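Q: Please take me on a close walk through the charged side chains of this model, patch and salt bridges alike. I'd like to see where they sit and how well covered they are.

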Amino acid sequence: MYSQKVMDHFTNPRNVGEIPDADGVGEVGNPRCGDIMKIFIKVDGDVITDVKFQTFGCAAAIATSSMATELIKGKTLDEALAITNKTVADALDGLPAIKMHCSVLAEDGLRAAIEDYKRKMGLITEDEMAKPHEHIHDCADDEAANG
Amino acid sequence: MDRKIYMDHAATTYVKPEVLDEMLPYFTDKFGNPSSIYFYGREAKEAIEMAREKVAAAIGAEPSEIYFTSGGTESDNWAIKGAAFAGKKKGNHIITSAIEHHAVLHTCQYLEKLGFEITYLPVDQYGLINPDDVRRTITDKTLLISIMTANNEIGTIEPISEIGKIAREQGVYFHTDAVQAIGSMDIDVKSLNVDMLSLSGHKFYGPKGIGSLYIKKGVKIDQFMHGGAQERNRRASTENVPGIIGLGKAIELATATMPQRREHLTRLRDRLIKGIMDKIPFVRLNGHPTERLPGNANLSFEFIEGESMLLSLDLKGVAASSGSACTSGSLDPSHVLLAIGLPHEIAHGSLRLTLGDDNTEEDVDYVIEILPDIVERLRQMSPLFAEREGELKNV
């Protein structure tokens with residue numbers, strides 16, 4: 001069901017770990033839904049010089065996290081923000097339909113890390129931060145139902 | 001990695017060669033329709049009646065109480081809808097549990113839409129249903145109690161003997177889904193006071209697409225499949241003759257070899273559970289420690305997700321299953337694991353290994369050997385594990 005690229009990034013994920021003195025940290029997802037992604041970035045000027053991730057989730061979540069970090073390393077913040085979940089999924093030669101939400105998680109994670117950096121730098125205010133996608137509707141509904 | 005180890009026998013089993021040998025002539029030479037009066041038909045008819053006797057003998061029923069179906073799901077559907085529709089004048093209430101197979105739960109949910117009232121009994125931390133809860137929830141509108149013999153995910157064996165007794169005292173029909181239990185534990189429908197029992201061939205080395213519903217003599221249930229007069233007018237459709245022959249042979253073998261199987265599987269299961277829990281921290285056993293199916297090991301590994309574990313095991317040649325959302329096609333983890341009170345994130349990290357006749361001590365030891373590295377690798381990637389490590393450092 002998974003492409004060879006997904007399996008490659010699942011078995012040999014790139015950029016796993018944390019950056020203790022990260023310039024920006026984004027954490028998205030929810031343990032209830034079975035996936036959490038945490039992404040750490042180092043920024044020099046407006047270039048992302050280093051990136052690491054930690055992910056709790058299925059193979060697709062791990063592979064999309066890994067691919068997303070590869071895609072943004074060495075890119076400017078604007079270039080990184082232009083990356084969508086489709087970019088990540090395409091770079092992995094596609095994901096099964098039921099797993100597309102994992103690629104949304106990766107996009108949200110990147111955005112959250114960049115916005116955290118911008119907020120720390122005073123480039124944006126809390127109000128200007130984008131809302132993450134309702135990336136897992138069933139799970140989000142479930143959350144709502146259970147308060 | 002050319003090693004291949006199958007540890008998902010609760011999902012399905014292979015067909016034993018002795019079973020297949022008995023089936024084969026019924027695809028070719030003995031292909032007759034059992035409803036035909038000429039030789040070919042009579043030959044097939046006699047063979048399915050022999051198989052019926054074997055199924056009856058395995059569960060302590062009369063052959064006339066055994067009906068062949070397409071499998072466990074149809075048997076569950078028929079028992080529940082059939083009893084509900086036939087009993088509409090008496091009442092509209094059905095009692096079941098929160099941990100039943102979807103074949104039971106989704107059937108009950110469908111009946112709810114039609115106006116039936118369903119009580120879904122909770123279970124304790126081991127997955128056990130309390131018979132007193134059954135007794136307390138029976139009303140004069142209760143038509144049916146449907147409680148599984150043993151759970152397919154966590155292996156917990158339910159107190160169906162006590163539940164059967166209560167049902168009989170109260171004059172309520174009792175159905176049990178015994179799909180996972182056949183071949184692993186003694187089942188006698190008479191002493192258990194069971195009115196209907198579902199079973200399925202492919203869970204005990206028989207073919208897929210064949211099962212049976214035991215319906216005690218006198219139990220009123222509506223017909224499910226309408227059409228011809230097969231199965232004494234109660235289940236239309238030309239009989240799946242090779243499947244029925246295979247089911248008969250498989251259940252005969254499964255019950256004849258049960259003591260050895262129980263001994264073998266229990267020994268391997270306990271070795272597997274102990275081996276894993278000794279070597280890996282932050283693991284919990286799901287289901288009852290002793291009142292569980294002999295071949296079932298279900299464990300939750302904190303901080304990691306089940307599908308990642310399954311794929312990693314698959315890469316090492318081990319076939320297993322998980323209650324994680326990502327393996328079910330839905331986004332919620334197993335309803336059984338949630339019902340025993342596991343938090344979502346721990347339910348997502350479950351692994352089910354179900355052993356079978358051909359598994360060996362070497363198979364078990366291999367899994368015990370490779371699993372720690374798989375779990376460790378995934379934990380090293382997990383932010384939940386990192387957070388916990390961080391908390392420890394700060395204490």
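A: Happy to! Buried means under 20% relative accessible area, exposed over 50% and partly exposed in between (1.4 Å probe, protein chains only). This is a predicted model, where local features need pLDDT of at least 70 and side-chain atom pairs pLDDT 80 or more, while totals for chains, interfaces and linings use all residues. Residues are numbered from 1 along each chain as written, chains are lettered from A and ligands numbered from 1 in written order, and side-chain values use heavy atoms, without hydrogens or water.

Let's begin with the patch. B:E369, B:D373, B:E376 and B:E389 form a negative surface patch (over 30% relative accessible area, no salt bridge, like charges joined within 9 Å, or nonpolar side chains within 5 Å). Helix α14 of chain B, residues 361-381, gives the largest share, 3 residues (helices are DSSP H or I runs of at least four residues). B:E376 lies in this helix and is partly exposed, with a relative accessible area of 37%.

Now for the salt bridges (a Lys or Arg side-chain nitrogen within 4 Å of an Asp or Glu carboxyl oxygen). The structure holds 34 of them over all chains.

In chain A, A:R119 pairs with A:D116, with the closest N and O atoms 2.7 Å apart. Both belong to helix α5 (residues 100-120), and because they are 3 residues apart there, about one helical turn separates A:R119 from A:D116. A:R119 is partly exposed at 31% relative accessibility, whereas A:D116 is buried at 8%.

In chain B, B:K54 forms a salt bridge with B:E252, and the closest N and O atoms are 3.8 Å apart. This pair links distant parts of the chain: B:K54 sits in helix α2 (residues 39-59) and B:E252 in helix α8 (residues 241-256), 198 residues apart. B:E252 counts as partly exposed, at 34% relative accessibility.

Another chain B pair joins B:R269 to B:D270, at 3.0 Å from N to O. Here B:R269 is the buried partner, at 5% relative accessibility, and B:D270 is partly exposed at 38%.

Salt bridges also link B:E263, B:R267, B:R271, B:E361 and B:D365 into a network.

For a view of charge under cover, look at helix α10 of chain B (residues 306-315), where 8 of 10 residues are buried. Among them are the acidic B:E307 and its neighbours B:G306 and B:S308. After this helix comes B:G317, with a positive phi near 90°.

Note on methods:
Areas by Shrake-Rupley, 256 points an atom, 1.4 Å probe, with all protein chains shown as cover. Lys, Arg positive; Asp, Glu negative; His and termini not counted. Charge placed at Lys NZ, Arg CZ, Asp CG, Glu CD. Helix = DSSP H or I, 4+ residues; strand = E, 2+ residues; numbered from the N terminus.
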